[in-house]
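Please work through the following exercises on helix packing and core composition with the model at hand. Each task is followed by a solution in steps.

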Amino acid sequence: ARAVFENGEVWRLFTALFTHSDLGHLASNSPLFLIFGWFLHAYFGLMVFPLAAVVIGALSNLLTIYFYDPDSHLVGASGMLYGMVSLWLVLYVRFDTDFTVPKRTFRAIGVSLLMLFPTTFHATTSYLAHAWGFLLGILFGFVLMRFVKVTSPIPVPALEEREAASARRVSLLPPEGADASPEEPPPRVLH
């Protein structure tokens, strides 16, 4: 904290996101980072991931160390990850059309409780960073929903090829405009 506030070493807010205390810490952050990083980037583009995600992470670090002892050290991407999840959930509630808004909201709350609520408590874990990240993700979600559009996670050429392939499939139906009952020979009558 002292390095940022007294020495002006602002880059530490960003570099701390990519520094972890040990391999277990890195391993616990990696699945959420990979899954939600892909979701955010594939559906909403570069503005949401990595740009907004990294800003959320740096801001959650800033707000967290503001409330900690000046000699504290904060490492890890947990604030950014909680922000990525809550950002995804806000954008999901806004853009998904398969369910009603109350049902989407209920699902988002359920997902966040299942994925983010801690099952164990450790003195060395910064739950404050988790909380700031989650709150910032919600805030960024409400701001960004006005500027982002949902894109397909499947590249457009792949979609076009898929549509062209389905158009080339043999149809059992007659082509449009063709007589639906072609002239057939009379049935054979057997005695």
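The exercises below go from the overall fold to the core and then to two helix pairs.

**Conventions.** The model is predicted, so local features need pLDDT of at least 70 and side-chain atom pairs count only at pLDDT 80 or more, while totals for chains, interfaces and linings use all residues. Residues are numbered from 1 along each chain as its sequence is written, and side-chain values use heavy atoms, with hydrogens and water left out.

**Exercise 1.** Determine the secondary-structure content and the burial of the chain.

*Solution.* Begin with the elements, taken as DSSP runs numbered from the N terminus (helices: H or I, at least four residues; strands: E, at least two). The chain has eight helices and zero strands. Next, take burial, where buried means under 20% relative accessible area with a 1.4 Å probe, protein chains only. Of the 191 residues, 32% are buried. Finally, consider contacts, meaning heavy atoms within 4.5 Å. Among those in the chain with a separation of 6 or more, 78% join residues 24 or more positions apart.

**Exercise 2.** Describe the largest nonpolar core and the surroundings of L87.

*Solution.* A nonpolar core is a set of buried Ala, Val, Leu, Ile, Met, Phe, Trp, Tyr and Cys residues joined through side-chain atoms within 4.5 Å. The largest one holds 30 residues, of which L40, V48, M84 and L87 touch the most other members. At least two residues each come from α3 (23-44), α4 (47-67), α5 (78-95), α6 (101-116) and α7 (127-144). The greatest contribution is that of α5, with twelve residues. Now set aside the neighbours of L87 within four places in sequence: L87 then contacts L40, V48, I56, G137, F140, G141 and L144. A second, separate core has six residues, including A1, L13, A58 and I65.

**Exercise 3.** Characterise the packing of α7 against α4 and against α5.

*Solution.* Axes are lines fitted to C-alpha atoms, for helices over the stretch in contact, and angles run from 0 to 180 degrees between N-to-C directions. For α4 and α7, the angle is about 140 degrees and the axes lie 8 Å apart. The pair is therefore oblique, a class that remains after under 35 degrees (roughly parallel), over 145 (roughly antiparallel) and 65 to 115 (roughly perpendicular) are assigned. Residues in this contact include V48, I56 and L63 of α4 and W132, G137 and F140 of α7. For α5 and α7, the angle is about 35 degrees, with the axes 7 Å apart. Here the residues that meet include G83 and L87 in α5 and G133 and G141 in α7.

Conventions: Buried means under 20% relative accessible area, exposed over 50%, partly exposed in between (1.4 Å probe, protein chains only).
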